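Colleague: I'm new to this one, so could you walk me through it? I'll keep asking how you know things.

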Amino acid sequence: MNTKIWLSPPHMSGLEEKYVREAFESNWIAPLGPNVDGFERELSRYLDGRHIAVLGSGTAAIHLALILLGVTRGDEVISSDFTFTATVNPIVYQGATPVFVDSEMQTWNIDPELLETAIVDRMKNHKKPKAIIFADIYGMPARMEALLAISLKYDIPLIEDAAEALGSRYKEQHCGTFGEMGILSFNGNKIITTSGGGALVATKENFTTKAKFLASQAKENTLHFEHHEIGYNYRMSNVLAGIGRGQLEVIEERVAAHRHNYRLYRELLSDIRGLIFQSEPDDHYFSNFWLTSMIVNEEEAHFTSQSIIGILGEDNIDSRPLMKPMHMQEVFKDHPAYLNGNSEFLYQNGLCLPSGSNLREEDIARIVEGIRKVSK
Ligand SMILES: *Cc1c(COP(=O)(O)O)cnc(C)c1O
(Lines give C-alpha, C1' and ligand atoms only; values in the text may rest on other atoms or scores of the structure.)
Protein backbone atom coordinates (compact mmCIF):
# COMPACT_ATOMS: atom_id res chain seq x y z
CA MET A 1 0.00 0.00 0.00
CA ASN A 2 1.26 3.48 -0.86
CA THR A 3 1.76 5.85 2.07
CA LYS A 4 -1.33 7.68 3.25
CA ILE A 5 -1.87 11.23 2.01
CA TRP A 6 -4.08 13.16 4.43
CA LEU A 7 -6.45 15.98 3.56
CA SER A 8 -4.94 18.57 5.89
CA PRO A 9 -2.58 17.19 8.55
CA PRO A 10 -0.81 19.22 11.27
CA HIS A 11 2.55 20.69 10.24
CA MET A 12 4.90 21.57 13.10
CA SER A 13 7.70 24.06 12.53
CA GLY A 14 9.99 22.96 15.37
CA LEU A 15 9.68 26.42 16.92
CA GLU A 16 6.77 25.26 19.10
CA GLU A 17 8.96 23.19 21.43
CA LYS A 18 10.79 26.19 22.86
CA TYR A 19 7.54 27.72 24.08
CA VAL A 20 6.16 24.41 25.33
CA ARG A 21 9.43 23.75 27.20
CA GLU A 22 9.19 27.19 28.82
CA ALA A 23 5.70 26.31 30.00
CA PHE A 24 7.02 23.10 31.59
CA GLU A 25 10.10 24.73 33.10
CA SER A 26 8.08 27.54 34.66
CA ASN A 27 5.27 25.12 35.64
CA TRP A 28 2.63 27.25 33.88
CA ILE A 29 0.52 24.19 33.01
CA ALA A 30 -2.75 26.07 33.30
CA PRO A 31 -5.33 27.95 31.25
CA LEU A 32 -3.39 31.13 31.90
CA GLY A 33 0.28 32.10 31.79
CA PRO A 34 2.90 33.81 29.63
CA ASN A 35 2.20 31.80 26.45
CA VAL A 36 -1.49 32.70 26.58
CA ASP A 37 -0.61 36.39 26.94
CA GLY A 38 2.15 36.12 24.32
CA PHE A 39 -0.05 34.32 21.79
CA GLU A 40 -2.78 36.94 22.23
CA ARG A 41 -0.26 39.75 21.80
CA GLU A 42 1.29 38.18 18.69
CA LEU A 43 -2.08 37.39 17.11
CA SER A 44 -3.15 40.96 17.77
CA ARG A 45 -0.04 42.24 16.02
CA TYR A 46 -0.71 39.94 13.05
CA LEU A 47 -4.38 40.95 12.87
CA ASP A 48 -3.98 44.71 12.55
CA GLY A 49 -4.10 45.42 16.31
CA ARG A 50 -7.46 43.75 16.96
CA HIS A 51 -8.21 42.55 20.51
CA ILE A 52 -7.83 38.81 21.00
CA ALA A 53 -9.04 36.18 23.48
CA VAL A 54 -7.55 32.73 22.86
CA LEU A 55 -9.91 29.90 23.75
CA GLY A 56 -10.31 26.13 23.83
CA SER A 57 -11.87 25.94 20.36
CA GLY A 58 -13.31 27.91 17.49
CA THR A 59 -16.74 26.63 18.53
CA ALA A 60 -16.28 28.16 21.99
CA ALA A 61 -15.34 31.46 20.33
CA ILE A 62 -18.56 31.43 18.28
CA HIS A 63 -20.59 30.60 21.39
CA LEU A 64 -19.07 33.52 23.33
CA ALA A 65 -19.53 35.91 20.37
CA LEU A 66 -23.25 35.09 20.33
CA ILE A 67 -23.53 35.56 24.10
CA LEU A 68 -21.73 38.91 23.87
CA LEU A 69 -24.21 40.05 21.23
CA GLY A 70 -27.06 39.13 23.55
CA VAL A 71 -28.36 36.18 21.51
CA THR A 72 -30.84 34.30 23.64
CA ARG A 73 -33.84 31.96 23.65
CA GLY A 74 -36.33 32.74 20.88
CA ASP A 75 -33.95 34.89 18.81
CA GLU A 76 -33.13 34.19 15.19
CA VAL A 77 -29.56 34.23 13.89
CA ILE A 78 -28.77 34.12 10.18
CA SER A 79 -26.00 31.72 9.18
CA SER A 80 -24.22 30.58 6.05
CA ASP A 81 -25.89 27.43 4.74
CA PHE A 82 -22.69 26.17 3.07
CA THR A 83 -20.49 25.72 6.14
CA PHE A 84 -19.35 23.31 8.82
CA THR A 85 -21.85 22.56 11.58
CA ALA A 86 -19.70 24.31 14.22
CA THR A 87 -20.82 27.64 12.73
CA VAL A 88 -24.41 26.78 13.68
CA ASN A 89 -24.39 24.61 16.80
CA PRO A 90 -23.67 27.48 19.24
CA ILE A 91 -26.81 29.28 17.96
CA VAL A 92 -28.75 26.28 19.20
CA TYR A 93 -26.79 26.20 22.50
CA GLN A 94 -28.30 29.65 23.12
CA GLY A 95 -31.83 28.40 22.43
CA ALA A 96 -31.98 30.59 19.32
CA THR A 97 -33.04 29.51 15.83
CA PRO A 98 -30.59 29.42 12.91
CA VAL A 99 -31.90 30.77 9.60
CA PHE A 100 -29.84 29.53 6.68
CA VAL A 101 -28.85 31.56 3.62
CA ASP A 102 -27.43 29.91 0.51
CA SER A 103 -24.23 30.75 -1.40
CA GLU A 104 -23.28 32.75 -4.46
CA MET A 105 -21.12 30.87 -6.95
CA GLN A 106 -18.10 33.19 -7.16
CA THR A 107 -16.72 32.72 -3.66
CA TRP A 108 -19.12 29.90 -2.60
CA ASN A 109 -19.91 31.98 0.50
CA ILE A 110 -23.16 33.54 1.72
CA ASP A 111 -25.05 35.33 -1.08
CA PRO A 112 -25.52 39.00 -0.07
CA GLU A 113 -28.66 39.46 -2.21
CA LEU A 114 -30.32 36.42 -0.74
CA LEU A 115 -29.20 37.56 2.70
CA GLU A 116 -31.05 40.84 2.22
CA THR A 117 -34.13 38.97 1.00
CA ALA A 118 -33.99 36.81 4.11
CA ILE A 119 -33.65 39.79 6.46
CA VAL A 120 -36.57 41.64 4.85
CA ASP A 121 -38.68 38.50 4.98
CA ARG A 122 -37.88 37.74 8.63
CA MET A 123 -38.68 41.33 9.57
CA LYS A 124 -41.98 41.20 7.68
CA ASN A 125 -43.17 37.94 9.18
CA HIS A 126 -41.58 37.99 12.50
CA LYS A 127 -38.76 40.03 13.89
CA LYS A 128 -35.29 41.27 13.18
CA PRO A 129 -32.48 38.67 13.21
CA LYS A 130 -30.19 39.25 16.20
CA ALA A 131 -26.94 38.56 14.35
CA ILE A 132 -25.47 37.23 11.10
CA ILE A 133 -22.67 34.67 11.12
CA PHE A 134 -20.91 33.90 7.85
CA ALA A 135 -17.98 31.65 6.97
CA ASP A 136 -15.01 32.21 4.64
CA ILE A 137 -15.19 28.69 3.33
CA TYR A 138 -11.95 26.84 2.48
CA GLY A 139 -10.18 30.14 3.17
CA MET A 140 -11.96 32.21 0.52
CA PRO A 141 -13.01 35.66 1.76
CA ALA A 142 -16.74 36.27 1.48
CA ARG A 143 -18.32 39.32 -0.25
CA MET A 144 -17.13 41.62 2.51
CA GLU A 145 -18.26 45.01 1.21
CA ALA A 146 -21.79 43.86 0.42
CA LEU A 147 -22.08 42.08 3.77
CA LEU A 148 -20.82 45.09 5.74
CA ALA A 149 -23.26 47.35 3.86
CA ILE A 150 -26.21 45.09 4.74
CA SER A 151 -25.10 44.88 8.36
CA LEU A 152 -25.01 48.68 8.50
CA LYS A 153 -28.28 49.19 6.62
CA TYR A 154 -30.31 46.90 8.90
CA ASP A 155 -28.19 47.43 12.00
CA ILE A 156 -27.55 43.72 12.54
CA PRO A 157 -24.07 42.74 13.82
CA LEU A 158 -21.84 40.45 11.76
CA ILE A 159 -19.72 37.61 13.11
CA GLU A 160 -17.03 36.44 10.70
CA ASP A 161 -16.31 32.73 11.01
CA ALA A 162 -12.72 32.80 9.77
CA ALA A 163 -11.93 29.36 11.23
CA GLU A 164 -10.55 28.30 7.85
CA ALA A 165 -9.28 31.70 6.72
CA LEU A 166 -6.39 32.85 8.91
CA GLY A 167 -3.92 34.52 6.55
CA SER A 168 -6.57 35.31 3.91
CA ARG A 169 -7.27 38.96 3.06
CA TYR A 170 -9.79 41.11 1.30
CA LYS A 171 -8.34 44.41 0.02
CA GLU A 172 -5.29 43.77 2.24
CA GLN A 173 -7.46 43.48 5.36
CA HIS A 174 -7.16 40.20 7.26
CA CYS A 175 -10.01 37.72 7.44
CA GLY A 176 -11.23 37.49 11.00
CA THR A 177 -11.24 41.28 11.36
CA PHE A 178 -14.43 42.05 9.42
CA GLY A 179 -17.65 42.68 11.29
CA GLU A 180 -18.35 43.13 14.98
CA MET A 181 -16.34 40.05 15.92
CA GLY A 182 -14.41 37.32 14.16
CA ILE A 183 -13.43 33.84 15.22
CA LEU A 184 -10.45 31.62 14.41
CA SER A 185 -9.82 27.90 14.86
CA PHE A 186 -6.54 26.18 15.64
CA ASN A 187 -7.93 22.67 15.34
CA GLY A 188 -5.49 20.02 14.09
CA ASN A 189 -6.61 20.31 10.46
CA LYS A 190 -6.52 24.11 10.18
CA ILE A 191 -3.88 26.35 8.60
CA ILE A 192 -2.06 26.63 11.92
CA THR A 193 -2.87 24.48 14.93
CA THR A 194 -2.56 24.24 18.71
CA SER A 195 -3.92 20.65 18.40
CA GLY A 196 -7.24 22.13 19.52
CA GLY A 197 -8.01 25.78 20.10
CA GLY A 198 -9.58 28.95 18.83
CA ALA A 199 -9.74 32.70 19.27
CA LEU A 200 -12.21 35.53 19.44
CA VAL A 201 -11.17 38.64 17.51
CA ALA A 202 -12.83 41.97 18.25
CA THR A 203 -12.46 45.65 17.49
CA LYS A 204 -13.82 46.60 20.90
CA GLU A 205 -11.71 45.60 23.89
CA ASN A 206 -14.75 45.20 26.15
CA PHE A 207 -15.79 42.17 24.06
CA THR A 208 -12.53 40.28 24.61
CA THR A 209 -12.34 41.33 28.27
CA LYS A 210 -15.84 39.97 28.84
CA ALA A 211 -15.06 36.86 26.77
CA LYS A 212 -12.05 36.06 28.98
CA PHE A 213 -14.19 36.54 32.09
CA LEU A 214 -16.98 34.25 30.84
CA ALA A 215 -14.42 31.73 29.55
CA SER A 216 -12.94 31.30 33.04
CA GLN A 217 -16.18 30.45 34.90
CA ALA A 218 -17.28 34.09 35.33
CA LYS A 219 -15.40 34.42 38.62
CA GLU A 220 -15.88 37.84 40.19
CA ASN A 221 -12.78 39.61 41.49
CA THR A 222 -12.94 38.31 45.06
CA LEU A 223 -10.80 35.85 47.03
CA HIS A 224 -13.71 33.49 47.58
CA PHE A 225 -15.63 32.22 44.54
CA GLU A 226 -18.31 34.75 43.76
CA HIS A 227 -20.51 34.40 40.66
CA HIS A 228 -23.13 36.75 39.25
CA GLU A 229 -23.28 35.16 35.80
CA ILE A 230 -23.12 31.73 34.22
CA GLY A 231 -19.59 31.04 33.05
CA TYR A 232 -17.78 28.51 30.90
CA ASN A 233 -14.48 26.67 30.98
CA TYR A 234 -13.34 27.87 27.56
CA ARG A 235 -9.81 29.26 28.04
CA MET A 236 -6.82 27.94 26.11
CA SER A 237 -4.14 26.08 28.04
CA ASN A 238 -0.75 27.78 28.40
CA VAL A 239 0.92 24.65 26.99
CA LEU A 240 -1.18 24.76 23.82
CA ALA A 241 -0.75 28.51 23.46
CA GLY A 242 2.99 27.72 23.28
CA ILE A 243 2.34 25.54 20.23
CA GLY A 244 0.33 28.40 18.75
CA ARG A 245 3.18 30.90 19.20
CA GLY A 246 5.57 28.61 17.31
CA GLN A 247 2.99 28.08 14.58
CA LEU A 248 2.19 31.76 14.18
CA GLU A 249 5.87 32.47 13.47
CA VAL A 250 5.53 30.51 10.21
CA ILE A 251 1.99 31.51 9.18
CA GLU A 252 3.10 33.27 6.00
CA GLU A 253 5.14 30.22 4.94
CA ARG A 254 2.10 28.03 5.54
CA VAL A 255 -0.14 30.30 3.48
CA ALA A 256 2.46 30.33 0.70
CA ALA A 257 2.63 26.52 0.74
CA HIS A 258 -1.18 26.18 0.50
CA ARG A 259 -1.26 28.67 -2.36
CA HIS A 260 1.56 26.78 -4.07
CA ASN A 261 -0.40 23.49 -3.82
CA TYR A 262 -3.41 25.21 -5.34
CA ARG A 263 -1.45 26.67 -8.26
CA LEU A 264 0.28 23.36 -8.93
CA TYR A 265 -3.02 21.44 -9.01
CA ARG A 266 -4.51 23.97 -11.40
CA GLU A 267 -1.48 23.86 -13.67
CA LEU A 268 -1.16 20.07 -13.74
CA LEU A 269 -4.89 19.54 -14.30
CA SER A 270 -5.40 22.39 -16.75
CA ASP A 271 -5.86 20.08 -19.75
CA ILE A 272 -8.68 18.07 -18.14
CA ARG A 273 -12.05 19.43 -19.17
CA GLY A 274 -14.84 20.13 -16.73
CA LEU A 275 -12.84 20.89 -13.57
CA ILE A 276 -13.84 24.22 -12.03
CA PHE A 277 -11.67 25.33 -9.11
CA GLN A 278 -12.85 27.62 -6.33
CA SER A 279 -11.07 30.82 -7.30
CA GLU A 280 -10.48 34.42 -6.32
CA PRO A 281 -13.07 36.59 -8.13
CA ASP A 282 -10.57 39.46 -8.60
CA ASP A 283 -7.31 40.94 -7.29
CA HIS A 284 -8.91 42.20 -4.08
CA TYR A 285 -9.34 38.63 -2.89
CA PHE A 286 -6.41 36.78 -1.37
CA SER A 287 -7.29 33.27 -0.20
CA ASN A 288 -5.03 31.12 1.95
CA PHE A 289 -6.43 28.21 -0.13
CA TRP A 290 -6.64 26.14 3.03
CA LEU A 291 -8.19 23.35 0.97
CA THR A 292 -7.91 23.21 -2.81
CA SER A 293 -11.51 22.60 -3.87
CA MET A 294 -13.29 22.14 -7.15
CA ILE A 295 -16.50 21.25 -8.90
CA VAL A 296 -16.66 18.58 -11.57
CA ASN A 297 -18.93 19.48 -14.49
CA GLU A 298 -20.05 15.97 -15.32
CA GLU A 299 -21.23 16.78 -18.83
CA GLU A 300 -17.89 18.18 -19.88
CA ALA A 301 -15.71 15.86 -17.85
CA HIS A 302 -17.57 12.57 -18.39
CA PHE A 303 -16.79 11.57 -14.81
CA THR A 304 -18.00 12.65 -11.38
CA SER A 305 -16.47 14.06 -8.21
CA GLN A 306 -17.46 10.80 -6.53
CA SER A 307 -15.39 8.78 -9.00
CA ILE A 308 -12.32 10.90 -8.16
CA ILE A 309 -12.89 10.43 -4.44
CA GLY A 310 -13.27 6.69 -5.05
CA ILE A 311 -10.12 6.18 -7.11
CA LEU A 312 -7.99 8.35 -4.77
CA GLY A 313 -9.32 6.38 -1.81
CA GLU A 314 -8.14 3.14 -3.42
CA ASP A 315 -4.63 4.63 -3.51
CA ASN A 316 -4.79 5.60 0.19
CA ILE A 317 -5.37 9.29 -0.62
CA ASP A 318 -7.80 11.27 1.53
CA SER A 319 -10.19 13.53 -0.40
CA ARG A 320 -13.80 14.36 0.37
CA PRO A 321 -17.00 15.95 -0.90
CA LEU A 322 -17.60 19.65 -0.31
CA MET A 323 -19.59 20.71 2.78
CA LYS A 324 -23.03 19.17 3.09
CA PRO A 325 -25.29 22.23 3.43
CA MET A 326 -26.89 22.87 6.80
CA HIS A 327 -30.46 22.81 5.44
CA MET A 328 -29.85 19.22 4.27
CA GLN A 329 -28.71 18.05 7.70
CA GLU A 330 -31.15 15.92 9.67
CA VAL A 331 -30.71 18.08 12.82
CA PHE A 332 -31.51 21.35 11.05
CA LYS A 333 -34.07 20.21 8.51
CA ASP A 334 -36.99 22.09 10.09
CA HIS A 335 -35.23 25.45 10.32
CA PRO A 336 -36.00 28.33 7.95
CA ALA A 337 -33.75 28.44 4.89
CA TYR A 338 -33.40 30.81 1.94
CA LEU A 339 -32.11 28.71 -0.92
CA ASN A 340 -31.02 29.10 -4.52
CA GLY A 341 -29.71 25.59 -5.13
CA ASN A 342 -26.03 26.56 -5.12
CA SER A 343 -24.89 24.93 -1.89
CA GLU A 344 -26.69 21.73 -2.81
CA PHE A 345 -25.05 21.83 -6.25
CA LEU A 346 -21.62 22.35 -4.67
CA TYR A 347 -22.17 19.44 -2.30
CA GLN A 348 -23.30 17.11 -5.07
CA ASN A 349 -20.61 18.01 -7.60
CA GLY A 350 -17.54 19.08 -5.69
CA LEU A 351 -14.57 17.80 -3.78
CA CYS A 352 -11.58 18.91 -1.70
CA LEU A 353 -8.11 17.62 -2.56
CA PRO A 354 -5.30 16.94 -0.10
CA SER A 355 -3.91 20.36 0.74
CA GLY A 356 -1.48 20.14 3.66
CA SER A 357 1.38 22.63 3.79
CA ASN A 358 3.67 19.58 4.17
CA LEU A 359 2.41 17.99 0.96
CA ARG A 360 5.35 17.15 -1.32
CA GLU A 361 5.39 17.72 -5.06
CA GLU A 362 5.60 13.95 -5.60
CA ASP A 363 2.41 13.58 -3.52
CA ILE A 364 0.66 16.06 -5.78
CA ALA A 365 1.97 14.16 -8.81
CA ARG A 366 0.48 10.94 -7.37
CA ILE A 367 -2.89 12.63 -6.78
CA VAL A 368 -2.93 14.16 -10.25
CA GLU A 369 -2.11 10.76 -11.75
CA GLY A 370 -5.14 9.31 -9.92
CA ILE A 371 -7.40 12.02 -11.34
CA ARG A 372 -6.00 11.34 -14.82
CA LYS A 373 -6.94 7.69 -14.48
CA VAL A 374 -10.58 8.66 -13.87
CA SER A 375 -10.55 11.06 -16.79
CA LYS A 376 -9.37 8.41 -19.29
C1 LIG B 1 -13.17 24.15 12.13
C2 LIG B 1 -14.32 25.07 11.98
C3 LIG B 1 -15.01 25.59 13.08
C4 LIG B 1 -14.81 25.11 14.49
O5 LIG B 1 -13.58 25.21 15.03
P6 LIG B 1 -13.12 24.23 16.21
O7 LIG B 1 -11.85 24.84 16.66
O8 LIG B 1 -12.93 22.88 15.59
O9 LIG B 1 -14.18 24.26 17.25
C10 LIG B 1 -16.01 26.52 12.86
N11 LIG B 1 -16.33 26.91 11.63
C12 LIG B 1 -15.72 26.43 10.53
C13 LIG B 1 -16.12 26.94 9.18
C14 LIG B 1 -14.70 25.49 10.67
O15 LIG B 1 -14.11 24.99 9.59
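Modeller: Let's start at the ligand: a backbone N or O atom of glycine 58 lies 2.8 Å from one of the ligand's oxygen atoms. Keep in mind that this is a predicted model, where local features need pLDDT of at least 70, side-chain atom pairs count only at pLDDT 80 or more, and totals for chains, interfaces and linings use all residues. Residues are numbered from 1 along each chain as its sequence is written, and side-chain values use heavy atoms, with hydrogens and water left out.

Colleague: What makes the glycine 58 pair a polar contact?

Modeller: A polar contact is a pair of N or O atoms within 3.5 Å; within protein, one must be able to donate a hydrogen and the other to accept it, and residues adjacent in sequence count only if both atoms are side-chain atoms. At 2.8 Å, the glycine 58 pair qualifies. So do a polar side-chain atom of glutamate 164, 2.5 Å from a ligand oxygen, and one of lysine 190, at 3.2 Å.

Colleague: How much of the ligand's accessible area does the protein cover?

Modeller: The protein covers 91% of the 380 Å² that the ligand has on its own. Such areas come from the Shrake-Rupley method with a 1.4 Å probe; for residues, only the protein chains shown count as cover.

Colleague: Which residues around the ligand come nearest?

Modeller: Thr59, Asp161, Glu164, Ser185 and Lys190, out of 14 around the ligand. A residue counts as near if one of its heavy atoms lies within 4 Å.

Colleague: Why is strand S8 called largely enclosed?

Modeller: Five of the five residues of S8 (residues 181-185) are buried, so the rest of the structure largely encloses this strand. Buried means under 20% relative accessible area, exposed over 50%, partly exposed in between (1.4 Å probe, protein chains only). Met181, Ile183 and Ser185 are buried on one side, Gly182 and Leu184 on the other. Strands (E, at least two residues) and helices (H or I, at least four) are DSSP runs, numbered from the N terminus.

Colleague: How do you know that S8 and S9 pair?

Modeller: Two strands pair if DSSP finds at least two bridges between them. Five bridges join S8 to S9 (residues 198-202), running antiparallel, so the pair meets that rule. Methionine 181 has alanine 202 as its bridge partner in S9.

Colleague: In which sense do S5 and S8 pair?

Modeller: Parallel, over three bridges, with S5 spanning residues 158-161. Isoleucine 159 stands opposite methionine 181 there.
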